[in-house]
Amino acid sequence: MRSSIFLICLALFGCLFTLSLGAPIAGGFKRLTSAQVRADKNALGALNYGAKIIASDAIKNHRVPDFKYKATDIYVAKVQVVAGRNYVFNADISNASGSTIINADYEVYQNLNGKYSLVSQTYQVVQKQAC
């Protein structure tokens, strides 16, 4: 009986210790800082993949001028470990001069082979250069 209680306590301590290290929990979302996104090649790849598609869509629909765009400011970043990874972002996507800014909420899925796909997107142009 005492050994069973000891084992249960040991297992619980191990789980709490693992959670305190900030390791991703399968099925749960973990917040990422901007620095963590930029330091992790998978998270950065997901951020840039989504930004590229959203900028292309905005250009195609004549909502922004045809320039090269990239994700600049990251306001929210989360990762969910599933059979692959889901990344959720709220970020600004802007051109080199910063004259056009798109604020976007988007989710990118990375499968087990490392391939990205855009799951959802909403965006608005918040600052636009005169065309």
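The paragraphs below walk through this predicted model, from its overall make-up to its sheet, one hairpin and one residue within a strand.

It helps to begin with the protein as a whole, which contains three helices and five strands. Read from the N terminus on, these elements follow one another in the order α-β-α-α-β-β-β-β. Of the 131 residues of the protein, 30% count as buried, and the accessible surface comes to about 8,200 Å², of which 60% belongs to carbon and sulfur atoms. When contacts with a separation of 6 or more are considered, residues 24 or more positions apart account for 52% of them.

The next step is to see how the strands are arranged. Strands of a sheet pair through backbone hydrogen bonds, and the pairing may be either parallel or antiparallel. Here, five strands form an open sheet with the order 1-2-3-4-5, and the pairing is antiparallel. The edges of this sheet are strand 1, at residues 29-31, and strand 5, each of which pairs on one side only. From one strand to the next, the twist averages 20 degrees.

One pair of strands can now be followed in more detail. Strand 4, covering residues 101-110, runs antiparallel to strand 5, covering residues 116-127, and 10 bridges join the two. Individual residues show how this pair is lined up: Ile 101 stands opposite Gln 127 in strand 5, while Tyr 109 stands opposite Ser 117 in strand 5. Strand 4 and strand 5 form a hairpin with five residues between the strands, and in this hairpin Gly 114 takes a positive phi near 90 degrees.

Finally, consider a single residue in strand 3, which spans residues 84-95 and includes Asn 90. Is Asn 90 buried or exposed? Its relative accessible area is 12%, and because a residue counts as buried when this value is under 20%, Asn 90 is classed as buried. To see what lies around Asn 90, one can leave aside residues up to four places away in sequence; the residues that Asn 90 touches are then Asp 73, Ile 74, Tyr 75 and Val 76, together with Asn 103, Ala 104 and Asp 105. Of these contacts, Asn 103, Ala 104 and Asp 105 can be looked up in strand 4, which covers residues 101-110.

Notes: Residues are numbered from 1 along each chain as its sequence is written. This is a predicted model: local features need pLDDT of at least 70, side-chain atom pairs count only at pLDDT 80 or more; totals for chains, interfaces and linings use all residues. Side-chain values use heavy atoms; hydrogens and water are left out. Two strands pair if DSSP finds at least two bridges between them. Helices (H or I, at least four residues) and strands (E, at least two) are DSSP runs, numbered from the N terminus. Buried means under 20% relative accessible area, exposed over 50%, partly exposed in between (1.4 Å probe, protein chains only). Contact means heavy atoms within 4.5 Å. Axes are lines fitted to C-alpha atoms, for helices over the stretch in contact, and angles run from 0 to 180 degrees between N-to-C directions. Accessible areas come from the Shrake-Rupley method with a 1.4 Å probe; for residues, only the protein chains shown count as cover.
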